[in-house]
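Visitor: I should like to examine this structure with your help, one question at a time. May we begin?

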Amino acid sequence: MTRPRYSVIALLVTAGLSGTVQASSVESDATRAEARASEGVETAPARTQHWDLSDAEWERYDAIMEGPRGLWSPDLDPIWVLGIHAETERERRYYAELAVEQERDRVTGELAFQHAYDAAWDRLYPDRVLIEPRDRSGSATGATPRMSEPSTPTLDDLRADDRVVLVAARDCNRCGDILERAVERLQDGAQWRLDVFLTDTDADQEVRRWAAENAVPIDLVRAGRITLNHDDGTLADHDTPSLLRHSGQRWQPVLP
């Protein structure tokens with residue numbers, strides 16, 4: 001299965017520079033370069049392990065970050081930096097696919113921990129949920145506080161920058177229904193992105209077959225608006241279907 005590409009979005013931070021601060025800027029640049037060089041010496045093994053980049057790639061990344069990119073996007077990760085500044089289309093595609101794989105690993109790990117966290121809360125505090133209700137004045141209600149969750153959003157409540165995940169299975173009829181509703185919203189102009197994870201297969205051809213059976217639009221896949229993935233077992237404990245969006249540090253259920 002061809003791995004979907006994500007649109008490259010430059011994360012720019014506006015830097016207001018003037019001629020009166022040139023000396024301090026040079027000093028700051030030198031300080032940053034020295035700190036980066038020191039960090040590179042101390043953490044080279046960790047860099048290799050975490051980012052899967054060669055020494056030459058790290059040298060190029062450091063060189064790029066010593067220029068304007070270091071001011072524009074100081075927190076942009078090395079793979080995105082190298083991808084944005086790729087010199088050939090082949091190189092750009094390589095870093096895009098590497099970024100997709102790392103993002104996939106991040107999402108599955110976060111979803112698995114969220115599931116474990118929710119289960120732990122239900123175990124330890126079965127009669128309580130996370131947010132205390134308030135009356136219209138904003139004061140906490142009642143002598144005995146009972147906690148209640150915020151209203152669950154629907155597909156129509158999602159924002160353009162939301163990350164939405166559908167945990168599905170091939171033999172799940174409701175999964176196809178929810179997928180169809182999500183696709184309709186995307187085709188009607190919704191700007192959020194949908195990542196689909198099948199939990200009952202590790203074969204690319206099965207994911208492709210399921211997508212074809214459920215009429216997933218190829219144009220949305222090619223545009224990176226929908227990604228199709230098979231799970232590596234990390235999400236096996238999730239109910240299917242599960243529809244979630246990333247909200248702050250948590251994954252929040254979404255009503256279809």
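Visitor: Is E206 buried, exposed or partly exposed?
Guide: This is a predicted model, in which local features need pLDDT of at least 70, side-chain atom pairs count only at pLDDT 80 or more, and totals for chains, interfaces and linings use all residues. Residues are numbered from 1 along each chain as its sequence is written, and side-chain values use heavy atoms, with hydrogens and water left out. Buried means under 20% relative accessible area, exposed over 50%, and partly exposed in between (1.4 Å probe, protein chains only). With a relative accessible area of 22%, E206 is partly exposed.

Visitor: Which residue meets the side chain of E206 in a salt bridge?
Guide: A salt bridge is a side-chain nitrogen of Lys or Arg within 4 Å of a carboxyl oxygen of Asp or Glu. Here the N to O distance is 2.8 Å. The two residues are 3 apart in helix α7, so about one helical turn separates them. The partner of E206 is R209.

Visitor: What is the closest distance between N and O atoms in the salt bridge of R193 with D195?
Guide: R193 is buried, at a relative accessible area of 19%, and D195 is buried at 0%. Both belong to a network of salt bridges that also links E103, R106, E110 and R163. Between R193 and D195, the closest N and O atoms lie apart by 3.5 Å.

Visitor: How many residues of strand β1 are buried?
Guide: Helices (H or I, at least four residues) and strands (E, at least two) are DSSP runs, numbered from the N terminus. One side of β1 carries R163, V165 and V167, the other V164, L166 and A168, and all are buried. Strand β1 (residues 163-168) is therefore largely enclosed by the rest of the structure, its buried residues being 6 of the 6.

Visitor: In which sense do β1 and β2 pair?
Guide: Two strands pair if DSSP finds at least two bridges between them. For β1 and β2 (residues 193-198) there are 6 bridges, and A168 stands opposite L198 in β2. The sense of the pairing is parallel.

Visitor: What is the handedness of the β-α-β crossover from β1 to β2?
Guide: The chain passes from β1 through helix α6 (residues 173-187) to β2. A crossover is right-handed if, with the strands pointing away from the viewer, the path from the first strand over the helix to the second runs clockwise. This crossover is right-handed.

Visitor: Which residue of β4 is the bridge partner of L166?
Guide: Strand β4 (residues 242-247) runs antiparallel to β1, and 4 bridges join them. The bridge partner of L166 in β4 is L243.

Visitor: Which two residues are joined by a cis peptide bond?
Guide: Most residues other than glycine have a negative phi, and most peptide bonds are trans. The proline of the cis bond, P241, lies in the loop between β3 (226-230) and β4. Omega is about 0 degrees in this bond, which joins T240 and P241.

Visitor: What is the phi of A215?
Guide: A215 occupies the loop between α7 (204-213) and α8 (218-222), and at 58% relative accessibility it counts as exposed. Although A215 is not a glycine, its phi is positive, at about 55 degrees.

Visitor: In which loop does D52 lie?
Guide: D52, a residue other than glycine, has a positive phi near 60 degrees. At 49% relative accessibility, D52 counts as partly exposed. Its place is the loop between α1 (22-51) and α2 (55-65).
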